[in-house]
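Work through these exercises with the model open beside you. Try each task before reading its solution.

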Amino acid sequence: MFAMSFSVSPWISGPFALSSSCSSSASSSFNLSDFHFSVSSGARVACRAHYASKDLKFVLHHALDDSGIHTAHAKVARDGFCSEIKKLSDIERETSISINRGVDLGKAALFIAAEDDSLISHSSVPLPVDSFIERLDDLSMDYCSHYSSAFRASPEVFLETLDRYLYVNKGFRRTNAKLSEAQALYLHSVLTHRSGSAALLSLIYSEILKMLRLWGLLDFDVEIFFPHDSHSLPRGYHKQKSKESDQPHIMTSQSLLVEMLKSLKDAFWPFQHDNTKSLFLRAAHAANCIDRSNTATESGFELASAKAAQHRLERGVWTSIRFGDMRRALSACERLILLETDLMELRDYSILLYHCGFYEESLQYLKLYKDLESSSTGRRLSKSPSNLEEDAVEKLMVRLNLILMEEGWGRSTYRSFLANNSEPW
């Protein structure tokens, strides 16, 4: 188990205890033999790290609990999310959302929303997941009452009426959400405000198709075209008339969940400067883990953004408009790790823990990432890290080892190269 330790994170006001008595605690050593990778058909490479969730110790809920913020509702929502993704078999992961039956994607999305809502609102009442499931079902019922004649029409006419119902009658529209429009990234808000990301609009579309199929009202194969541009809407089409060029636009159960969570991770990442860099490199840059001689001259905005982020960190501020939200970034990372799709999620989670001052846990996840990434199967990942990213990982590893070797080094004493004074600018 992790050794008992008390320290103060600059992101959390109050002591944080790593206790072996926590139900979700896990061994501090990870066994590489517990992980394996599988390659699915086609060009997709599915990274699977088969381990029970208890084998990894996540920080967020325990840290908030120990700082006096109750996370009972957040934990229930996380358990609900885990119960859904446990149904993701290898086949189900690659199954199109238009025919998915194994996983309730609507519930999974609402559990994501419920957890983050609890983390932010600290409400004594949880988000009513069942009520929003009823709203999804009501959309299907309402469509049937308005377009019953469409069931006797051709597939093309049927899908045209479904598009009209969703995007004209009901007024659902697509939003390219940033932090200021975060409601577009949560299903309950999309159902309420009728404005959402392409992923959530695709989910709603698939849920209507699922109900119509359950009621025996859909007698042909439908696929959903997921747009990769910034403005198009998800639309259904007759699968028998599909083209080879449609294949990259098919959203599977796994890819939909990953898309939703990565959108949240991107929106709430605490280091928002320089969108040309990966999220990891932005955080590594703020941590001074990148050789500046190899980077372009920084703009005043980038320097100010990084310095302001560090100032908020030292004051224990979790969130700031336009500059991310550490709580929701951590929760997105933890859920992506639970999905077992990309080793880089271990790396990204590690650097967030470093910025929070949880050095021991940061090193554990970084070592696990390096062990798996350097294994023969790890090289089969579809996306390879850049040389700059690998160099930053090595520098972070060295720094974490030095910090933990320094007896008496407290997390609250951490200062980065940007923290030479107390002013945010």
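A salt bridge here is a side-chain nitrogen of Lys or Arg within 4 Å of a carboxyl oxygen of Asp or Glu. By that rule, the structure holds 27 salt bridges. The model is a predicted one.

**Exercise 1. Overall make-up**

Task: Describe the secondary structure, the burial and the contacts of the protein.

Solution:
- Step 1. Take the secondary structure. The protein has 15 helices and 6 strands.
- Step 2. Take burial. Of its 425 residues, 55% count as buried.
- Step 3. Take the surface. About 18600 Å² is exposed, and carbon and sulfur atoms supply 51% of that area.
- Step 4. Take the contacts. Among those with a separation of 6 or more, 70% join residues 24 or more positions apart.

**Exercise 2. A helix and its neighbours**

Task: Find the span of helix α2, then say which helices its buried residues pack against.

Solution:
- Step 1. Helix α2 covers residues 72-85, which is 14 residues.
- Step 2. From first C-alpha to last, α2 reaches 20 Å, close to the 20 Å expected at 1.5 Å a residue.
- Step 3. List the buried residues of α2: A74, A77, R78, G80, F81, C82, E84 and I85.
- Step 4. Recall the helix geometry. An α-helix has 3.6 residues a turn, so residues three or four places apart point the same way.
- Step 5. Name the partners. The buried residues of α2 pack against α1 (60-66), α4 (105-121), α9 and α12 (326-339).

**Exercise 3. Two side chains, two settings**

Task: Decide whether M260 is buried or exposed, and do likewise for L214.

Solution:
- Step 1. Place M260. It sits in helix α9, residues 253-268.
- Step 2. Apply the cut-off. Buried means under 20% relative accessible area. M260 has 5% relative accessibility, so it counts as buried.
- Step 3. Look at what M260 touches. Leaving out residues up to four places away in sequence, M260 contacts A109, A199, L200 and L203.
- Step 4. Check one of these contacts. A109 is 151 residues from M260 in sequence, yet their C-alpha atoms are 8.0 Å apart.
- Step 5. Turn to L214, in helix α8 (residues 198-214). Exposed means over 50%. L214 is at 62% relative accessibility, so it counts as exposed.
- Step 6. Find the patch. M141, L214, W215 and L217 make a nonpolar surface patch of about 400 Å².

**Exercise 4. Three salt bridges**

Task: For R335, E223 and R347, name the salt-bridge partner and the parts of the chain that each pair links.

Solution:
- Step 1. Start with R335. Its partner is E115, with the closest N and O atoms 2.8 Å apart. R335 lies in helix α12 and E115 in helix α4, so the pair ties together parts 220 residues apart in sequence. Both R335 and E115 are buried.
- Step 2. Go to E223. It pairs with K239, and the closest N and O atoms are 3.9 Å apart. E223 is in strand β5 (residues 222-225), while K239 is in the loop between β6 (235-238) and α9. E223 is buried at 2% relative accessible area. K239, at 37%, counts as partly exposed.
- Step 3. Finish with R347. Its partner is E389, with 3.6 Å between the closest N and O atoms. The two lie in helices α13 (residues 344-356) and α15 (residues 387-405), so the pair ties together parts 42 residues apart in sequence. R347 and E389 are both buried.
- Step 4. Widen the view. R347 and E389 belong to a network of salt bridges that also links K262, K265, D342, E345 and D348.

Notes:
Residues are numbered from 1 along each chain as its sequence is written. This is a predicted model: local features need pLDDT of at least 70, side-chain atom pairs count only at pLDDT 80 or more; totals for chains, interfaces and linings use all residues. Side-chain values use heavy atoms; hydrogens and water are left out. Helices (H or I, at least four residues) and strands (E, at least two) are DSSP runs, numbered from the N terminus. Buried means under 20% relative accessible area, exposed over 50%, partly exposed in between (1.4 Å probe, protein chains only). Contact means heavy atoms within 4.5 Å. Patches are made of residues with over 30% relative accessible area and no salt bridge: like charges are joined within 9 Å, nonpolar side chains (Val, Leu, Ile, Met, Phe, Trp, Tyr) within 5 Å. Accessible areas come from the Shrake-Rupley method with a 1.4 Å probe; for residues, only the protein chains shown count as cover. The expected span of a helix is 1.5 Å times one less than its number of residues.
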